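User: I am new to this structure and would like to know how its labels are justified. Please set each value against its definition.

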Amino acid sequence: MTIEANFTLDAKGLACPMPIVKTKKAMKDLEAGQVIEIQATDKGSKADLQAWAKSSGHDYLGTIEEGDVLKHFVRKSSGEDSAERKHEAITNNEELAGKLNDENTLVLDVREKAEYAFKHIPGAVSIPLGELEAKADELAKDKNIYVVCRTGNRSDMAAQLLADKGFANVINVVPGMSEWSGEVESDVE
């Protein structure tokens, strides 16, 4: 399984706190929403990076172990938790969970590919927000499209975009994957 990252940081052979020091520095050059892959050999780096990401407001996506190398994936925060929502049709995670077996329901996950790979709702279609304009025609206009992201913000923008393209039944799911307690799948071993 290959996870796409916008930037790869080599922190192999470095001991705590150097992987975090290098990650902090590299994050300054990333744009909000981009994903960094941190390659480390320090076994403590997983807990360290998880804690650092949480305390700094970034999204720790997960870690893949390949031999002695730990590949950590972190998404740079965009401050999206506080943005204003504009799409009218909104639902919550519990209501979406109740609709998953309905054949008229389509779950559209607009998070980045790396976020989706680590944890997503079974059967969800992955089209990152940045690709949605070009790929909207791939979606069935006759379905009830439930749009999810991490917090309900990117999904709000996606729902607006789809509504503008003539999709009638588009519902933004809030708060989305950050608090999803239903069944999930992972494309990562």
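User: Why is Glu189 called exposed?

Analyst: Glu189 has a relative accessibility of 84%. Exposed means over 50% relative accessible area, buried means under 20%, and partly exposed lies in between (1.4 Å probe, protein chains only). Glu189 therefore counts as exposed. The model is predicted, so local features need pLDDT of at least 70 and side-chain atom pairs count only at pLDDT 80 or more, while totals for chains, interfaces and linings use all residues. Residues are numbered from 1 along each chain as its sequence is written, and side-chain values use heavy atoms, with hydrogens and water left out.

User: Where is Glu189, and which patch includes Glu189?

Analyst: Glu189 is in the segment after strand 9 (170-173). Strands are DSSP runs of E with at least two residues, helices are runs of H or I with at least four, and both are numbered from the N terminus. Glu189 forms a negative surface patch with Glu183, Glu185 and Asp187.

User: What makes this group a negative surface patch?

Analyst: Asp and Glu count as negative, Lys and Arg as positive, and His and the chain ends are not counted. A patch takes residues with over 30% relative accessible area and no salt bridge; like charges are joined within 9 Å, and nonpolar side chains (Val, Leu, Ile, Met, Phe, Trp, Tyr) within 5 Å. The place of a charge is CG of Asp, CD of Glu, NZ of Lys or CZ of Arg. Glu183, Glu185, Asp187 and Glu189 form such a patch.

User: Is Gly98 buried or exposed?

Analyst: Gly98, in helix 3 (residues 93-99), has 66% relative accessibility and therefore counts as exposed.

User: How do you know that Asp10 and Lys12 form a salt bridge?

Analyst: A salt bridge is a side-chain nitrogen of Lys or Arg within 4 Å of a carboxyl oxygen of Asp or Glu. The N to O distance for Asp10 and Lys12 is 3.4 Å, so the pair meets that definition. Asp10 is partly exposed at 46%, and Lys12 is partly exposed at 35%.

User: What makes Arg150 and Asp59 a salt bridge, and are they buried or exposed?

Analyst: Their N to O distance is 2.9 Å, so the 4 Å limit is met. The pair links distant parts of the chain, 91 residues apart: Arg150 is in the loop between strand 8 and helix 6, and Asp59 is in strand 3 (residues 59-66). Arg150 counts as buried at 16% relative accessibility, and Asp59 counts as buried at 8%.

User: Which residues share a salt-bridge network?

Analyst: Asp59, Arg75, Glu115, Arg150 and Arg154 are joined into one network by salt bridges that share partners. Within this network, Glu115 and Arg75 have their closest N and O atoms 3.4 Å apart, and both residues are buried. The structure holds 11 salt bridges.

User: What makes a group of residues a nonpolar core, and which members of the largest one touch the most others?

Analyst: A nonpolar core is a set of buried Ala, Val, Leu, Ile, Met, Phe, Trp, Tyr and Cys residues joined through side-chain atoms within 4.5 Å. The largest has 16 residues, of which Leu108, Leu132, Leu139, Ile145, Val147 and Leu162 touch the most other members. Strand 6 (105-109), strand 8 (144-148) and helix 6 (154-164) each give two or more residues to this core. Helix 6 gives the most, with four residues.

Conventions
Accessible areas come from the Shrake-Rupley method with a 1.4 Å probe; for residues, only the protein chains shown count as cover.
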